[in-house]
Structure formats: structure tokens, C-alpha cells
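Student: I have a structure open and would like to check the labels attached to it. Could we go through the reasoning together?

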Amino acid sequence: MPRLALNKSSLNYETLELKIYKKCLPSLDMKRRYLIRERNTATQQLGKTKKEIKSGQEIICRELPMVSNDRIDLTNLAHIKAVQLEDENVMGAELPKIRSIDIEIREYSFLAKPQWVDAVVLKLKTMLALHIRVQVEKHRLMILEKAVKKITQRVNLFEKVLIPKTEQNIKQIQIYLSDAERAAVVRAKIAKHKQTRAIEK
């Protein structure tokens with residue numbers, strides 16, 4: 001680390017740096033607070049989607065107990081054909097957002113399957129969409145967590161390191177310059193006094 005130069009040029013430089021740091025800090029802190037709010041919203045949304053899945057499972061168990069009948073083949077009745085995502089920029093963080101989910105229902109014979117299979121297919125479609133949402137929301141939350149961590153580190157760097165260190169440097173330079181100025185005044189007075197005495201002799 002370079003040694004601090006104790007002169008007016010260095011004082012001007014440190015003063016300018018302090019001004020820049022203090023100007024940047026409020027916008028960084030605002031960004032941090034916004035990202036924290038977004039992270040909290042994402043956490044709540046993920047919790048809500050998980051509750052919807054749990055609720056859906058309970059409804060299936062309660063209203064469609066015949067699903068457990070292994071004599072009726074229910075495999076591959078619905079499958080995910082395509083998921084389209086788009087990026088949402090939130091304070092520099094690129095977050096995934098679902099544009100569309102295409103779930104395909106496999107054709108089946110209405111005569112070969114019991115009538116309750118129709119209800120199962122609708123529930124399967126809903127549950128598949130919810131599971132996709134959970135995956136995307138988890139990824140979204142993970143990105144927000146990283147963004148909050150990164151911006152918090154930057155805010156702490158400004159608040160706890162850069163600004164205090166620069167203020168300390170300014171104080172140190174000011175004390176040195178003040179002492180040097182006083183010493184110069186004292187030297188000037190001593191020189192004047194000696195000069196006066198020399199003239200008197």
C-alpha cells in the first residue's frame with residue numbers, strides 16, 4: 001500500500017475521493033434495499049407456490065383416491081412439451097421469468113379409461129405447471145440472494161472501509177499541514193527576533 005503523502009495535493013485528492021464515495025453510497029444502499037425487497041417477494045412467492053402444490057396433492061388424495069388403483073395406467077397422460085422463459089432485469093440482476101408453459105395431454109380412449117381419469121389429467125396438468133414454477137422461482141431466488149450478497153459487500157466496503165479510511169487520511173494530512181504551518185510561523189518569529197537582535201547590536 002503506497003505511503004500517504006502529507007501535502008496539499010494529497011489533501012485535495014483525498015477530499016475529492018471522499019466526495020465521490022459519499023455520493024455513490026446512497027445509490028448503492030438504495031439498490032441494496034430494492035434487491036432485498038425483491039428477494040423477500042421472491043421468497044414469499046416460492047412459499048406460496050409450494051403451498052399450492054401441497055394443497056393440490058391433498059385435493060388429489062381426498063377427491064381422487066382411485067389414483068392409487070394400479071390397474072389403471074396413468075403414466076405419461078400429461079407431459080411438458082415446452083417452457084418459454086424470458087429475462088427480467090432487476091437492478092442489473094438477470095432474473096428468469098416464465099413466458100409460457102406448454103403441457104401436452106396424451107390422447108387416450110374415453111371408453112377404455114374410467115371417467116375420473118379426465119379429472120386426474122386436469123390435476124396433472126396443474127401440478128406439472130406448478131412444479132415448473134417452483135424450479136424457476138428457486139433459480140430466481142438464488143440469483144437475488146447472490147445479488148444482495150454482492151451489493152451488501154460493496155455497501156460495507158464504502159461504509160466501513162473506504163469512507164472511514166479517507167476521512168482518517170484527510171484528518172492526518174490536515175493535522176500535519178496545521179503543525180507545519182505553526183512551525184513555519186514559529187521559525188519566522190524566531191528568525192525575525194534574531195534579525196532584530198542582530199540589528200540592535
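**Labels and the values behind them**

Tutor: Gladly! Met91 is partly exposed, as its relative accessible area is 33%. Keep in mind that this is a predicted model.

Student: What makes Met91 "partly exposed" rather than buried or exposed?

Tutor: Buried means under 20% and exposed means over 50%. Met91 has 33%, so it falls in between and is called partly exposed. Met91 sits in the loop between β1 and β2, and it has a positive phi of about 50° although it is not a glycine.

Student: Why is Leu85 called partly exposed?

Tutor: Its relative accessibility is 46%, and the range from 20% to 50% carries that label, so Leu85 counts as partly exposed. Leu85 belongs to strand β1, which covers residues 78-90. Together with Ile80 and Val83, Leu85 forms a nonpolar patch on the surface. The accessible area of the three together is about 220 Å².

Student: What about Arg140: why is it called buried or exposed?

Tutor: Arg140 has 16% relative accessibility, and the limit for buried is under 20%, so Arg140 counts as buried. Arg140 is in helix α2. Leaving aside neighbours within four places in sequence, Arg140 is in contact with Glu38, Glu88, Leu95, Pro96 and Lys97.

Student: What makes the pairing of the Arg140 and Glu88 side chains a polar contact?

Tutor: The distance is 2.7 Å. A polar contact needs N or O atoms within 3.5 Å, so this pair satisfies the distance limit.

Student: Which residues have the most contacts inside the largest nonpolar core?

Tutor: Those are Leu35 and Leu95, in a core of 26 residues. The elements giving two or more residues to this core are α1 (8-63), β2 (93-105) and α2 (117-200). The largest share, 14 residues, comes from α2. Not counting residues up to four places away in sequence, Leu35 touches Val90, Met91, Leu144, Ala147, Val148 and Ile151. Apart from this core lies another, of 6 residues, including Leu64 and Trp116.

Student: Now the charged pairs. Why is the pair of Glu145 and Arg39 called a salt bridge?

Tutor: The N to O distance between their side chains is 3.7 Å, and the limit is within 4 Å, so the pair qualifies. Glu145 lies in helix α2 and Arg39 in helix α1, so this salt bridge ties together parts that are 106 residues apart in sequence. A search of the whole structure finds 10 salt bridges.

Student: How do you know that Arg133 and Glu52 form a salt bridge?

Tutor: The same kind of check works: their N to O distance is 3.4 Å, and the cut-off is within 4 Å, so they count as a salt bridge. This pair links distant parts of the chain, with Arg133 in helix α2 and Glu52 in helix α1, 81 residues apart. Arg133 is partly exposed at 25% relative accessible area, and Glu52 is partly exposed at 32%.

Student: What separates Arg133 from Glu137 in helix α2?

Tutor: About one helical turn, because Arg133 and Glu137 are 4 residues apart in helix α2. They form a salt bridge, their closest N and O atoms being 3.7 Å apart.

Student: And why is Glu137 called buried?

Tutor: Its relative accessible area is 10%, and buried means under 20%, so Glu137 earns the label. Elsewhere, salt bridges that share partners join Asp29, Arg32 and Arg33 into one network.

Terms used:
Residues are numbered from 1 along each chain as its sequence is written. This is a predicted model: local features need pLDDT of at least 70, side-chain atom pairs count only at pLDDT 80 or more; totals for chains, interfaces and linings use all residues. Side-chain values use heavy atoms; hydrogens and water are left out. Patches are made of residues with over 30% relative accessible area and no salt bridge: like charges are joined within 9 Å, nonpolar side chains (Val, Leu, Ile, Met, Phe, Trp, Tyr) within 5 Å. Accessible areas come from the Shrake-Rupley method with a 1.4 Å probe; for residues, only the protein chains shown count as cover. Buried means under 20% relative accessible area, exposed over 50%, partly exposed in between (1.4 Å probe, protein chains only). A nonpolar core is a set of buried Ala, Val, Leu, Ile, Met, Phe, Trp, Tyr and Cys residues joined through side-chain atoms within 4.5 Å. Contact means heavy atoms within 4.5 Å. A polar contact is a pair of N or O atoms within 3.5 Å; within protein, one must be able to donate a hydrogen and the other to accept it, and residues adjacent in sequence count only if both atoms are side-chain atoms.
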